[in-house]
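The exercises below ask the reader to work from the coordinates towards a description of local environments, and each task is followed by a solution in steps. Please attempt each task before reading its solution.

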Amino acid sequence: AKLAVPLRSVIAAKQLGLEGVVAPLVAQACVNVMPAKPRKPSINIDNVRVAKIVGGNVRDSQVVRGMVVLRDAEGTIKHVEGAKVAVFGVGLEASETETKGTVVLKSAEELKSYTDGEEARMEASIKAIADSGATVVVSGGSISEIALHYIEKFGLMALKIVSKFELRRLCRATGATALVKLEAPTEADLGRADVVSVQELSG
């Protein structure tokens, strides 16, 4: 409350008439990201973000202690408590070679075995992630239908964050390490979150 008082005049210069609403929110957000004693009080402005949701107005604003991602989870699992977060800087899909190749299939059996082999590799990859203890998977690219099928099968929550800056902030917030290929994360690579949840806000 004390910090909000000097902020009112600064915010009034930009948002006249709304300083009474915005100043306490800014003060609360700044206090949340300040390091604990005995470290010197300082604020990394990148730790305070504004997420705009369509509909409503400024008076509906609130401070969220954590990170807000403006998109839905990819699968049917929308809520995880005590989450261990695995972050991948790449898409969750079958790996592609650097050079183009041609596969000649001469029969239906060859096509079936080729598809089965691709599915088996994806299942093994997702199972390894699940076995590592991860309960939430975050992808920096697209998530294929096959990958999403096995993510659902092993009971994982899937999120897609395309922005590399958002991905970096998520890693900083959870303590995760972004992996550059689809493999099982180590315990040190996994991030932690008390709750990962999808919340729908409407008028």
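**Exercise 1. Is Thr 174 buried or exposed, given its relative accessibility, and what does its side chain contact through polar atoms?**

Solution. The model is a predicted one, and the values used here are computed from it.

Step 1. Thr 174 has a relative accessibility of 15%, and because buried means under 20% relative accessible area, Thr 174 counts as buried.

Step 2. Thr 174 is placed in helix 5, which spans residues 164–174, and just after this helix Gly 175 takes a positive phi of about 80 degrees.

Step 3. A polar atom of the Thr 174 side chain lies 2.9 Å from the backbone oxygen of Leu 170, and a polar atom of the Thr 174 side chain lies 3.4 Å from the backbone nitrogen of Ala 176.

Step 4. When residues up to four places away in sequence are not counted, Thr 174 touches Gly 191 and Arg 192.

**Exercise 2. Which residues of helix 5 are buried, and what covers them?**

Solution. Step 1. The buried residues of helix 5 are Leu 167, Arg 169, Leu 170, Cys 171 and Thr 174.

Step 2. The cover over these buried residues includes strand 1, strand 2 (136–139) and strand 4 (191–197).

Step 3. At the N-terminal end of helix 5 the cap is provided by Ser 163, a side-chain oxygen of which lies 3.3 Å from the backbone nitrogen of Phe 165.

**Exercise 3. Describe how Asp 46 and Arg 172 are paired, and place the pair in the salt-bridge network.**

Solution. Step 1. Asp 46 and Arg 172 form a salt bridge, in which the closest N and O atoms are 2.9 Å apart.

Step 2. Asp 46 belongs to the loop between helix 2 and strand 1, whereas Arg 172 belongs to helix 5, so the pair ties together parts that are 126 residues apart in sequence.

Step 3. Both partners are partly exposed, since the relative accessible area is 24% for Asp 46 and 43% for Arg 172.

Step 4. A network of salt bridges links Asp 46, Arg 49, Glu 166, Arg 169 and Arg 172, and the structure as a whole holds 10 salt bridges.

**Exercise 4. What surrounds Ile 129, and how are Asp 131 and Lys 127 related along helix 3?**

Solution. Step 1. Ile 129 lies in helix 3 (residues 108–131) and, with a relative accessibility of 1%, counts as buried.

Step 2. Leaving aside residues up to four places away in sequence, the residues that Ile 129 touches are Ala 86, Phe 88, Ala 134, Val 137, Leu 156, Leu 182, Glu 183, Ala 184 and Pro 185.

Step 3. For one of these contacts the backbone separation can also be stated: the C-alpha atoms of Ile 129 and Ala 184 are separated by 4.5 Å, although the two residues are 55 residues apart along the chain.

Step 4. Glu 183, which is among the residues touched by Ile 129, is partly exposed at 35% relative accessibility and forms a salt bridge with Lys 181, where the closest N and O atoms are 3.9 Å apart.

Step 5. In helix 3, Asp 131 and Lys 127 are 4 residues apart and are therefore separated by about one helical turn; they form a salt bridge with the closest N and O atoms 3.0 Å apart.

Step 6. Asp 131 counts as exposed at 54% relative accessibility, while Lys 127, at 40%, counts as partly exposed.

**Exercise 5. Where do the buried residues of helix 1 fall when seen down its axis, and which residues form the nonpolar surface patch?**

Solution. Step 1. In helix 1 (residues 4–12) the buried residues are Ala 4, Ile 11 and Ala 12. Seen down the helix axis, the buried residues of helix 1 fall within an arc of 95 degrees, so they line one face of the helix.

Step 2. Ser 9 and Val 10 are exposed on the other side of helix 1, and the cover over the buried residues of this helix includes helix 2.

Step 3. Turning to the surface, a nonpolar patch is formed by Ile 53, Val 64, Val 68, Leu 70 and Leu 201, which together have about 430 Å² of accessible area.

Step 4. Within that patch, Ile 53 sits in the loop between helix 2 (19–33) and strand 1 (79–88), and its relative accessibility of 44% makes it partly exposed.

Conventions:
Residues numbered from 1 in each chain as written. Predicted model: local features only at pLDDT ≥ 70, side-chain atom pairs only at ≥ 80, totals over all residues. Heavy atoms only, no water. Patch = residues over 30% accessible without salt bridge, like charges linked within 9 Å, V, L, I, M, F, W, Y side chains within 5 Å. Areas by Shrake-Rupley, 256 points an atom, 1.4 Å probe, with all protein chains shown as cover. Salt bridge = Lys/Arg side-chain N within 4 Å of Asp/Glu carboxyl O. Helix = DSSP H or I, 4+ residues; strand = E, 2+ residues; numbered from the N terminus. Buried < 20%, exposed > 50% of the residue type's maximum accessible area, 1.4 Å probe, protein only. Arc of directions from axis to C-beta. Contact = heavy atoms within 4.5 Å. Polar contact = N/O pair within 3.5 Å; in protein donor to acceptor, adjacent residues only side chain to side chain.
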